Amino acid sequence: MQGGNEQVLGLRLRAARERSFVGREEELGVFDAALRGSCSVLYVHGPGGVGKSALLRQFAQRAAAGGRRVTAVDGHTLDPVPASFEAEAAAVLGDDAAVLIIDTFERVRGLEGWLCERFLPGCRSARSSWWPGGCRPT
């Protein structure tokens, strides 16, 4: 594909995803409240295939539309060591309004203690961190 065609295809795929996303008003309301500062960390969990990643994409779009910097980290592609996570998520460290979305957290579960004890406390605001996947951080 040529560069322009890839861009058009990407826009069409994004539009199709948005059209197929229905419901989840309660979860979107909780997210919107979090963006207004009502909580620090949200956790999205459930069995595979229920739409967690689709919901996270909606969260990211809403945050970006509100002018927030969004950093997404995907456990599928991340080497589960602190240095790799920091390299992917470094943008949230210096930005009070940044939103950090962690998808497929179960693949990097070994980082949980480090995230809670070292990384998140180093963030100016942990208000916008999202923990999806099949496990809840302790």
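In this predicted model, α3, β2 (70-74) and β3 (99-103) each contribute at least two residues to the lining of the second largest pocket. The full lining consists of Ser 53, Leu 56, Arg 57, Ala 60, Val 70, Ala 72, Val 73, Asp 74, Ile 101 and Asp 103. Sorted by class, these residues comprise 6 nonpolar, 1 polar and 3 charged. The space in the second largest pocket amounts to about 150 Å³.

The largest pocket may be considered next. It holds about 210 Å³ of space. Its lining is formed by Arg 24, Glu 27, Val 30, Leu 42, Tyr 43, Val 44, His 45, Val 50, Lys 52, Leu 55 and Phe 59. Two or more of the lining residues come from each of α2 (25-35), β1 (41-43) and α3 (52-65). Of the elements, α3 gives the most to this lining, with 3 residues. In terms of class, the lining of the largest pocket contains 7 nonpolar residues, 1 polar residue and 3 charged residues. The helix α3 therefore deserves the reader's attention in both pockets, since α3 gives the most to the lining of the largest pocket and also supplies at least two residues to that of the second largest.

From the pockets the description passes to the nonpolar cores. In soluble globular proteins, nonpolar side chains tend to be buried together. The largest nonpolar core of this model has 16 residues, and the members that touch the most others are Phe 85, Leu 100, Leu 115 and Phe 119. At least two residues of this core are supplied by each of α4 (82-89), β3 and α5. The greatest contribution to this core is that of α5, which gives 4 residues. Another core, of 13 residues, lies apart from the largest one; its members include Ala 34, Leu 56, Phe 59 and Val 99. Two of these names have already appeared in the pockets: Leu 56 lines the second largest pocket, and Phe 59 lines the largest pocket.

A single residue in a loop completes the account. Gly 110 is situated in the loop between β3 and α5 (112-122). Is Gly 110 buried or exposed? Its relative accessible area is 76%, and because a residue counts as exposed when this value is over 50%, Gly 110 is exposed. Along the sequence, Gly 110 is separated from Pro 82 by 28 residues, while in space the C-alpha atoms of Gly 110 and Pro 82 are 9.7 Å apart.

Technical notes
Residues are numbered from 1 along each chain as its sequence is written. This is a predicted model: local features need pLDDT of at least 70, side-chain atom pairs count only at pLDDT 80 or more; totals for chains, interfaces and linings use all residues. Side-chain values use heavy atoms; hydrogens and water are left out. On a 1 Å grid over the protein atoms alone, a cavity is a set of points where a 1.4 Å probe fits but cannot get out, and a pocket is an open set with protein on both sides within 12 Å along at least five of seven lines; lining residues have an atom within 4 Å of a point. Grid points are joined across faces, edges and corners, and a volume is the space filled by probe spheres set on the points. Ala, Val, Leu, Ile, Met, Phe, Trp, Tyr, Cys and Pro count as nonpolar, Asp, Glu, Lys and Arg as charged, and the others, Gly among them, as polar. Buried means under 20% relative accessible area, exposed over 50%, partly exposed in between (1.4 Å probe, protein chains only). A nonpolar core is a set of buried Ala, Val, Leu, Ile, Met, Phe, Trp, Tyr and Cys residues joined through side-chain atoms within 4.5 Å.
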